[in-house]
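Got the model open in your viewer? Let's walk through it one selection at a time.

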Amino acid sequence: MSNFSFLVPTRVEFGEGVSQTLAAEIAALKGKRIMIVTDPGLVKIGLVQKFVDMLEAENLAVSVFDKIEPNPRDTTCDLGGKVAEEFGADCLVAIGGGSPMDTAKAISLLMTNPGPINQYFGYDMMEFPGIPLITIPTTAGTGSEVTIWAVITNTQKEPHAKDAVGSNLICPRVALVDPELTYGLPPQLTASTGIDALCHAFEGYTALPANPYTDIYAEKAFSLIAENLLPAYANGDNVIARRNMMLGQLFGAISFSNADTHANHALAEAIGGVYDIPHGVANAIFLPYVMDYISIANLPKHAKMAACFGRDIEGLTLTEAAYQAVDMIMELRSLLSIPTLKEVGVKENDFDKIVELAMNNLGTPDCPRKMTAAGYLEILKNTYDEIDL
């Protein structure tokens, strides 16, 4: 299987083994002092050390920052910025899922703009470009390797809330998207990140700023993920399924990064901030109920989505065809053992807080069905009760 590259605007190198070109990519960026941003789990299994050895063999100075938790906090980003400054980092490498990559974007920003990170929540709030960042994803779902957004838990709010820093000035320079790094990924992480990738494609496809460019990527993501998520879940060493999942999630990321997310991410980020629930799991929990609620705003796109999923929609009414997309996601959630809202600890007495956070999410205005507090509450209740769609 051949490798290939394209621009998104992050330059993407895709294919088995492309992560091994890291040293050459750093040389092209004239990096000399490299800070790797990652999580403790990847350090523990020895993956990070392989990259450290590779870079040190090229006489590069290397530091590892691995103090990153799921749903990374603003305080962690600020700490990372101080560590990078003390080390004198001139290039960052993020290895892992969304948490290391989003933290690395924040650290990149803090190397050239004064902290703390909280003052940059919103879009285009910083003045200077961050230092160069190379991303190496190890899951097939986050898409953060090619986006301009860093989603960070704001601990200055009570309850804690997930806010976003967005700017082309923190977009990674290069993404080395290597399917080999996902071989053997545990089933449940495969499941949650896989549906997270579907969620990215769905929201990029249906958000108000969607356009023919983003639609093409989303539609390809739908078909790749629908065909390959279950095989990858069933056998983590299925190299064809892993490659196609990595490619599908990349296409979904390109779609939403050039359009937007909306209601599903608004709810997922709300419960992620309040309960510290992993982002992929949160998105997977809500997806069919959000799809069901907003489908009336664009039935043709939901019907096309169902066709991309491989559903036979010939002879169905537009509404029936659109529902097939929802049915597909409900079926996937069941087969992949996605937990329920109750099982992850969400409480009914927190619904008002969750709705308020969702209403204030940056993506809410781009939802194709105009979202209200009552609408978010309806989705929350339907999801909580696991109503039969």
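## Stop one: a pair of helices

The crossing of H11 and H12 is left-handed. This is a predicted model, so keep that in mind as you click around. To find the pair, select residues 299–308 for helix H11 and residues 318–335 for helix H12. Their axes lie 7 Å apart, and the packing angle is about 55°. The two helices are therefore oblique to each other.

Now show side chains. On the H11 side, pick Leu 299, Pro 300, His 302, Ala 303, Met 305 and Ala 306. They meet Leu 318, Thr 319, Ala 321, Ala 322, Gln 324 and Ala 325 of H12. Colour that contact by residue class and you should get 9 nonpolar, 3 polar and no charged residues.

## Stop two: another crossing

Next, select helix H4 (residues 74–87) along with helix H5 (residues 98–110). Here the axes come within 8 Å, and they cross at roughly 55°. That makes H4 oblique to H5. Which hand does the crossing of H4 and H5 have? This one is right-handed.

For the contact itself, take Cys 77, Asp 78, Gly 80, Gly 81 and Ala 84 from H4, then Thr 103, Ala 106, Ile 107 and Leu 110 from H5. By class, the contact of H4 with H5 holds 5 nonpolar residues, 3 polar and 1 charged.

## Stop three: a small sheet

Bring up the open sheet of 3 strands, ordered E6-E9-E8 with mixed pairing. Strand E6 (122–123) and strand E8 (149–154) are the edges; each has a single partner strand, so one side of each has no neighbour in the sheet. Select strand E9 (residues 161–166) and E6 together: they run parallel, joined by 2 bridges. For a handle on the register, label Gly 122 and its bridge partner in E9, Val 165.

Keep H5 visible while you're here. H5 packs on this sheet and touches E8 and E9, with its direction at about 95° to that of E8.

## Stop four: a covered strand

Go to strand E7, residues 133–137. How many of the residues of E7 are buried? The count is 5 of 5. In a regular strand, side chains alternate between the two faces of the sheet. In E7, Leu 133, Thr 135 and Pro 137 point one way, while Ile 134 and Ile 136 point the other, and all are buried.

Add the partners next. Strand E5 (residues 91–96) runs parallel to E7, with 5 bridges between them; look for Gly 96 opposite Pro 137. Strand E10 (residues 174–177) also pairs with E7 in the parallel sense, over 2 bridges, and there Ile 134 stands opposite Val 174.

Zoom in on Thr 135 in E7. With 0% relative accessibility, Thr 135 counts as buried. Leave out residues up to four places away in sequence, and Thr 135 touches Ala 94, Met 101, Glu 145, Pro 172, Val 174, Ala 175 and Leu 176.

## Last stop: a helix residue

Finally, select Gln 188 in helix H6 (residues 187–206). Is Gln 188 buried or exposed? Neither quite fits: Gln 188 is partly exposed, because its relative accessible area is 38%. Beyond its neighbours within four places in sequence, Gln 188 is in contact with Tyr 233, Leu 336 and Ser 337. For a distance to check in your viewer, try the C-alpha atoms of Gln 188 and Thr 139: these residues are 49 apart along the chain, and the separation is 12 Å.

Methods:
Residues are numbered from 1 along each chain as its sequence is written. This is a predicted model: local features need pLDDT of at least 70, side-chain atom pairs count only at pLDDT 80 or more; totals for chains, interfaces and linings use all residues. Side-chain values use heavy atoms; hydrogens and water are left out. Axes are lines fitted to C-alpha atoms, for helices over the stretch in contact, and angles run from 0 to 180 degrees between N-to-C directions. Helices (H or I, at least four residues) and strands (E, at least two) are DSSP runs, numbered from the N terminus. Angles under 35 degrees count as roughly parallel, over 145 as roughly antiparallel, 65 to 115 as roughly perpendicular and the rest as oblique. A crossing is left-handed if the near helix is turned anticlockwise from the far one by less than a right angle, and right-handed if clockwise. Contact means heavy atoms within 4.5 Å. Ala, Val, Leu, Ile, Met, Phe, Trp, Tyr, Cys and Pro count as nonpolar, Asp, Glu, Lys and Arg as charged, and the others, Gly among them, as polar. Buried means under 20% relative accessible area, exposed over 50%, partly exposed in between (1.4 Å probe, protein chains only). Two strands pair if DSSP finds at least two bridges between them.
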